[in-house]
Amino acid sequence: MIYPQANSYRGTKNLSGPWDFKWDPQNLGIKKKWKKGLKGSKRITVPASWNEQFKETRDYLGPAWYQTHFNRDSNSIGRKVFLRFGSVNYMAEVWLNGVRLGSHEGGHLPFVFEVTKHLKKKNNLVVRVEGYLKPDRVPPGNVPPGPLDSFNNNFNPPASFDFFPFCGIQRPVLLFTTPNERIEDLTVTTDISGKNGQVRVDIAASVSLPSTLKVSLEGFGWKMVSEAPLKNGKAAYLLPVPNAKLWGPGSPNLYQLKVELKLAGKTIDQVGLPVGIRTIRVKGSQLLLNNKPIFLKGFGRHEDYPGTGRYLPPAALKKDYANMQWIGANSFRTTHYPYSDEDMVMADRLGFLVIDETPAVGLFFKKDGLARRLKLCRQFTRDMIARDKNHPCVAMWSLANEPHSNRPAAVPFFKNLAQLARNMDKSRPVTLVSYLGTPEKSFKFLDLVCVNRYFGWYSEPCDLNKAIPRLSKDLDAIYRRFKKPLLVTEFGADALPGSHAQPPAMFSEEYQREMISRYLGVIKQKPFVVGAHVWNLSDFKTAQATHRPNGMNYKGVFTRQRKPKLAAFALRKLWNKNT
Ligand code: GCB
């Protein structure tokens, strides 16, 4: 999937801004044909969740309707025009000028409709959104409590995961144009041999007449150009890069790839892509970046911000990266859904390694709805890889977070997804994140073992002298069992900002700081642990529950407003070489 681009052959128009908005608690909109236009609506900001924009809609999960108007640009005439939604949670149904374009299920990945033939001079775009929590959706919600299938967290709204089920149009909506005959897709994979790099570019194009492709790669005072005819709409190039400047944390070197589609010597389409030359592999108990062992220091995060909900406005996104850089982190996981395109671009540019995770959080394996959950997980895995495959920042694919995989059906489920991910991308490891540890059977056929650990919090409360030796033994046992590199993908404690205690007590900043520091002390002694991700970079909103004061998870080392807690300073001392 090529991200919309603006150049002499392609154009984009961002439809962000104030839209019309109307909620529909009685579900009348379809019958009353709101697709033709909304009357009596409010104004809402797009992108942003609806839940924090109005007091009436905090816990409302839909349905609700959106509308905007836009003019057709004259330069789109004679070209194909598409609408791209970055993310709508959870169900979206879309009409343009009263004509139904289609629908989409799933909250955190883009979807596109071609609109060329429906466009008028003035256009009316209407979107119906609904985000109910249901057991056969992904992530599942409203899951009946049961020892094998869910934690009985008793959240309101009834999420079966620990973050607020924000709804709405939560990422930018783009209108974009391409030529009719065009480059459809690019797949870039890179390799290293000694001092040299190798960039493989696979191109798919839709053209009716014999045409050629011109490919150029340049950077750091070096350039190469190659031209060859397209065969059946496909072409592959192997571009050797002498003395390659490799990509990695601390050295986010990017080359620039340009692909031109030519007909009778004339360029008819062009796309560009930044390329980071790097390899990522698992070898024995190590994770190798560019053939050297790497330790992942970083965080789980959330796309969560006051007022905008599940949309990180550009300045907030920038601030998250500034905070991670200040601490000396080199990586994060897209807990618990793929993050925005803008986030991935920033990780490429600033040199962060990303564990890219699907929205499969809190899966359960009771028969009811299982086939549907698998179908959705396949769709989301496929769409995530299609969207993110060309980002050098993506270090591995994570198929799920904390599945309740104690039922036998979990094994074929994850075998199926792992196979799909490997068929699509042979260049990256595949993993999933578990709370189970040694009993997690799927680790046998995955490349790395990722576990979340809360000894000293959910068990051994406030007793680090018991929790820390337990962590140490547990990590050893997991390694003995699977003999694969291990990542501790979550650990941490809630700290209410400004709450202090001596001796450290739960919910104080001192306890959070001590717990995180002592975890890192244990992890340092285990050569098979290849990464530690603190839970979480920033405090974030959850549904209401007795264990979530203010409907908040306070495990951030920064507040929801991105102010540091004591743990942030401690981490900076441990991780940032410049302190
Ligand atoms: C976990 C989950 C994460 C929660 C966290 C917690 O294991 O993966 O989504 O927010 O624990 O704070 O309980």
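**Exercise 1.** Is Phe220 buried, partly exposed or exposed, and what is its relative accessibility?

*Solution.* The model is a predicted one, and the residue is first placed in its surroundings: Phe220 sits in the loop between β15 (212-219) and β16 (222-229). Next comes the backbone, where phi of Phe220 is near 55°, a positive value in a residue other than glycine. The relative accessibility of Phe220 is 43%, and since partly exposed covers the range between under 20% for buried and over 50% for exposed, Phe220 counts as partly exposed.

**Exercise 2.** Carry out the corresponding analysis for Ala264, giving its place, its phi and its exposure class.

*Solution.* Ala264 belongs to the loop between β20 (255-263) and β21 (266-275). Although Ala264 is not a glycine, its phi is positive, at about 45°. With a relative accessibility of 82%, Ala264 counts as exposed.

**Exercise 3.** Describe helix α5 (residues 464-482), and explain how its buried residues are arranged around the helix axis.

*Solution.* Begin with the dimensions: α5 has 19 residues and reaches 27 Å from its first C-alpha to its last, which is close to the 27 Å expected at 1.5 Å a residue. Then list the buried positions, which are Leu464, Ala467, Ile468, Leu471, Ser472, Asp474, Leu475, Ile478 and Phe482. Viewed down the axis of α5, these buried residues fall within an arc of 165°, and therefore they line one face of the helix. The face turned away from that buried side carries the exposed residues Asn465, Lys466, Lys473 and Arg480. The elements that cover the buried residues of α5 include β30 (449-452), β31 (486-490), α6 (509-524) and β32 (529-535). Finally, α5 is followed by Lys483, whose phi is positive, near 50°.

**Exercise 4.** Locate the cis peptide bonds that precede Pro139 and His336, and state what lines the largest cavity.

*Solution.* The bond from Val138 to Pro139 is cis, with omega near 0°, and Pro139 is placed in the loop between β10 (122-130) and β11 (168-169). The bond from Thr335 to His336 is likewise cis, with omega near -15°, and His336 is found in the loop between β26 (331-333) and α2 (341-350). Turning to the cavities, the structure holds three of 30 Å³ or more, and the largest has a volume of about 130 Å³. Its lining comprises 16 residues, of which Asn89, Tyr90, Leu133, Pro139 and Phe161 lie nearest the centre of the cavity. Sorted by class, the lining of the largest cavity has ten nonpolar, four polar and two charged residues.

Technical notes: Residues numbered from 1 in each chain as written. Predicted model: local features only at pLDDT ≥ 70, side-chain atom pairs only at ≥ 80, totals over all residues. Heavy atoms only, no water. Helix = DSSP H or I, 4+ residues; strand = E, 2+ residues; numbered from the N terminus. Expected span 1.5 Å × (residues − 1). Buried < 20%, exposed > 50% of the residue type's maximum accessible area, 1.4 Å probe, protein only. Arc of directions from axis to C-beta. Contact = heavy atoms within 4.5 Å. 1 Å grid on protein atoms, 1.4 Å probe; cavity = no way out; pocket = protein on both sides within 12 Å on 5 of 7 lines; lining within 4 Å. Points joined across faces, edges and corners; volume = space filled by probe spheres on them. Nonpolar A, V, L, I, M, F, W, Y, C, P; charged D, E, K, R; others polar.
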